[in-house]
Amino acid sequence: MSEPAWKKLVDQLKRKGHESPYLDRLRDRLPSQLGGNDLAAEILREMASALGRSEDKVNAALLELEVIGLSIDELVTAGAERNRVEIRARVAAFNEGCARAELALWELRVHREALGFLRNDDLASLYPIPPRRRA
């Protein structure tokens, strides 16, 4: 199985000492250990793994937003006039990231509902998507 797309970002941020609940969730992600070798157990393992990948997608999107948001804040602190073009570019990237995070969260909700998890009201508080920014 190939590595997830977010693994490189997690490794890079871990080396830098970045602290984030989204990074912790991704870093601590382990393959499901449901036991058993029969077909039903294999299907359950794959369902759990697929649901985990849906959650990973949300955590990775939120982690990227966090990193971009910090970079915007640093530029603003350094002087908005000098960095106006770069700030606009990063704000645009941030807002595109918000759209990706919203889609990933919706996909997680749909995935959970398809598996029978019908109570998903707490997803918004577990995975808070920041508001879009203006340059």
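**Exercise 1. Salt bridges**

Which residue's side chain meets that of Arg-90 in a salt bridge?

*Ground rules.* This is a predicted model, where local features need pLDDT of at least 70, side-chain atom pairs count only at pLDDT 80 or more, and totals for chains, interfaces and linings use all residues. Residues are numbered from 1 along each chain as its sequence is written, and side-chain values use heavy atoms, with hydrogens and water left out.

*Solution.*
- Start with the rule: a salt bridge is a side-chain nitrogen of Lys or Arg within 4 Å of a carboxyl oxygen of Asp or Glu. Side chains of opposite charge can pair when their charged atoms come close.
- Apply the rule to Arg-90 and you land on Glu-86, with 2.6 Å from N to O.
- Now place the pair: the two residues are four apart in helix H4, so about one helical turn separates Arg-90 from Glu-86. Helices here are DSSP runs (H or I, at least four residues), strands are E runs of at least two, and both are numbered from the N terminus.
- Check the cover. Arg-90 has a relative accessible area of 26% and is therefore partly exposed; Glu-86, at 36%, is partly exposed too. The scale is: buried under 20% relative accessible area, exposed over 50%, partly exposed in between (1.4 Å probe, protein chains only).
- Keep counting by this rule and the total comes to six salt bridges.

**Exercise 2. A bridge between helices**

Which helices hold Glu-64 and Arg-100, and how many residues apart are they in sequence?

*Solution.*
- First, the contact: the side chains of Glu-64 and Arg-100 form a salt bridge, 4.0 Å from N to O.
- Next, the addresses: Glu-64 sits in helix H3 and Arg-100 in helix H4, so this pair ties together parts 36 residues apart in sequence.
- Last, the exposure: Glu-64 comes out partly exposed at 35% relative accessible area, and Arg-100 is partly exposed at 43%.

**Exercise 3. Arg-53 and its surroundings**

Work out what Arg-53 pairs with and which residue 49 places away along the chain has its C-alpha 8.5 Å from that of Arg-53.

*Solution.*
- Arg-53 belongs to helix H3 and is partly exposed, at 36% relative accessibility.
- The side chain of Arg-53 makes a salt bridge with Glu-46 (3.0 Å, N to O). Glu-46 is partly exposed as well, with 42% relative accessible area.
- The residue 49 places away is Pro-4, at that C-alpha separation of 8.5 Å.

**Exercise 4. The core**

Which element gives the largest share of the largest nonpolar core?

*Solution.*
- Define it: a nonpolar core is a set of buried Ala, Val, Leu, Ile, Met, Phe, Trp, Tyr and Cys residues joined through side-chain atoms within 4.5 Å.
- The largest one has 26 residues, and Val-58, Leu-62, Leu-63, Leu-108 and Tyr-127 touch the most other members.
- Two or more residues each come from helix H1 (7-16), helix H2 (21-27), H3 and helix H4 (84-114).
- H3 takes the prize, giving 10 residues, the largest share.
- Zoom in on Leu-63: leaving aside residues up to four places away in sequence, its contacts (heavy atoms within 4.5 Å) include Leu-9, Val-10, Leu-13, Tyr-22, Leu-23 and Leu-26.

**Exercise 5. Helix H4 end to end**

What does H4 pack its buried residues against, and how far does H4 reach?

*Solution.*
- The 31 residues of H4 reach 45 Å from first C-alpha to last, close to the 45 Å expected at 1.5 Å a residue. That expected span is 1.5 Å times one less than the number of residues.
- Among the buried residues of H4 are Ile-87, Val-91, Phe-94, Asn-95, Leu-108 and Arg-112.
- The partners of H4's buried residues are H3 and helix H5 (123-126).
- After H4 comes Gly-116, with a positive phi near 100 degrees.

**Exercise 6. The whole chain**

How many helices and strands does the protein chain have, and what share of its residues is buried?

*Solution.*
- There are five helices and zero strands.
- Of the 135 residues, 31% count as buried.
- The C-alpha trace spans about 65 × 30 × 20 Å along its principal axes.
- Take contacts between residues at least 6 apart in sequence: 67% of them join residues at least 24 apart.
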